[in-house]
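Biologist: I should like to learn how the features of a protein model are read. May we work through one together?

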Amino acid sequence: STDLACSGFVGTAPVGLGFDGTDSVGLDIGVTDSVGLDFGGTDSIGLDFGVTDSVGLDFGGTDSVGLDFGGTDSVGLDFGGTDSIGLDFGGTDSVGLDFGGTDSIGLDFGGTDSVGLDFGGTDSIGLDFGGTDSVGLDFGGTDSIGLDFGGTDSVSLDFGGTDSIGLDFGGTDS
């Protein structure tokens with residue numbers, strides 16, 4: 001959106017979306033048949049936090065929920081566009097997804113028949129953490145759940161695109 005674009009993620013060590021409060025909910029799109037974040041355009045970039053030492057999505061609060069797409073038949077993150085980039089955290093020493101809170105849930109797609117992460121576009125890159133000394137997925141909290149796909153008949157990670165790359169951690173010392 002224009003508001004999101006104008007907010008910007010520029011400068012040193014910015015926080016992308018910060019939901020650090022106790023028992024906070026990050027982005028809650030729990031309605032039936034809802035679409036979470038849809039970047040389905042051709043050659044589109046989903047969320048780009050490529051600046052040096054940037055924080056992509058920070059849900060560090062105690063007992064916080066990162067991204068909750070618990071609705072029936074909901075789509076969590078849909079990057080189905082041709083040659084699209086899903087989540088790009090290519091900055092030097094960047095942190096991809098940091099869910100370091102105590103007893104936190106990383107990504108919860110617990111809805112019935114839900115799709116967890118769908119990167120079905122042709123030649124698409126699923127998750128690209130190509131920065132030097134980058135951390136791919138960091139779930140360092142006590143008793144934390146990394147990726148929870150507990151829904152009935154759910155698909156955990158779906159990289160069904162032609163010549164697609166599922167999880168790409170190509171950075172030096174990644």
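Modeller: The dialogue below goes from the whole chain to single residues. Please keep in mind that this is a predicted model.

Biologist: Which secondary structure elements, and how many of them, are there in the chain?

Modeller: One counts helices and strands along the chain. Here there are one helix and 16 strands.

Biologist: How compact is the chain?

Modeller: One compares the radius of gyration with the value that the globule rule gives for the chain length. For these 174 residues the rule gives 16 Å, and the radius of gyration is 15 Å, close to that value, so the chain is as compact as a globular protein of that length. A box of roughly 40 × 40 × 35 Å along the principal axes is filled by the C-alpha atoms.

Biologist: What percentage of the residues in the chain is buried?

Modeller: A residue is called buried when its relative accessible area is under 20%. Of the 174 residues in the chain, 37% are buried.

Biologist: Is L47 buried or exposed, and where is L47 found?

Modeller: L47 belongs to strand β4, which covers residues 45-48. L47 counts as buried because its relative accessibility is 13%, and the cut-off for buried is under 20%.

Biologist: How far apart are L47 and L37 in sequence and in space?

Modeller: Separation can be stated along the sequence or through space. L47 and L37 are ten residues apart in sequence, and their C-alpha atoms lie 9.6 Å apart.

Biologist: Let us turn to the loops. Where does D63 lie, and what is its phi?

Modeller: The loop that holds D63 runs between β5 (55-58) and β6 (65-68). D63 is not a glycine, yet its phi is positive, at about 55 degrees.

Biologist: Which other residue, also not a glycine, has a positive phi near 55 degrees?

Modeller: That residue is D133. D133 sits in the loop between β12 (125-128) and β13 (135-138).

Biologist: Why do D63 and D133 count as partly exposed?

Modeller: The term partly exposed covers values between the buried limit of 20% and the exposed limit of 50%. D63 counts as partly exposed because its relative accessibility is 37%. D133 has 35% relative accessibility, so D133 also counts as partly exposed.

Biologist: Which residues gather with D63 in a patch of negative charge?

Modeller: D23, D103 and D143 gather with D63 in this patch, which is on the surface. D63 thus brings together three readings: a loop position, a positive phi and a place in a negative patch.

Technical notes
Residues are numbered from 1 along each chain as its sequence is written. This is a predicted model: local features need pLDDT of at least 70, side-chain atom pairs count only at pLDDT 80 or more; totals for chains, interfaces and linings use all residues. Side-chain values use heavy atoms; hydrogens and water are left out. Patches are made of residues with over 30% relative accessible area and no salt bridge: like charges are joined within 9 Å, nonpolar side chains (Val, Leu, Ile, Met, Phe, Trp, Tyr) within 5 Å. Accessible areas come from the Shrake-Rupley method with a 1.4 Å probe; for residues, only the protein chains shown count as cover. A salt bridge is a side-chain nitrogen of Lys or Arg within 4 Å of a carboxyl oxygen of Asp or Glu. Lys and Arg count as positive and Asp and Glu as negative; His and the chain ends are not counted. The place of a charge is taken as NZ of Lys, CZ of Arg, CG of Asp or CD of Glu. Helices (H or I, at least four residues) and strands (E, at least two) are DSSP runs, numbered from the N terminus. The radius of gyration is taken over C-alpha atoms; the globule rule is 2.2 Å times the number of residues to the power 0.38. Buried means under 20% relative accessible area, exposed over 50%, partly exposed in between (1.4 Å probe, protein chains only).
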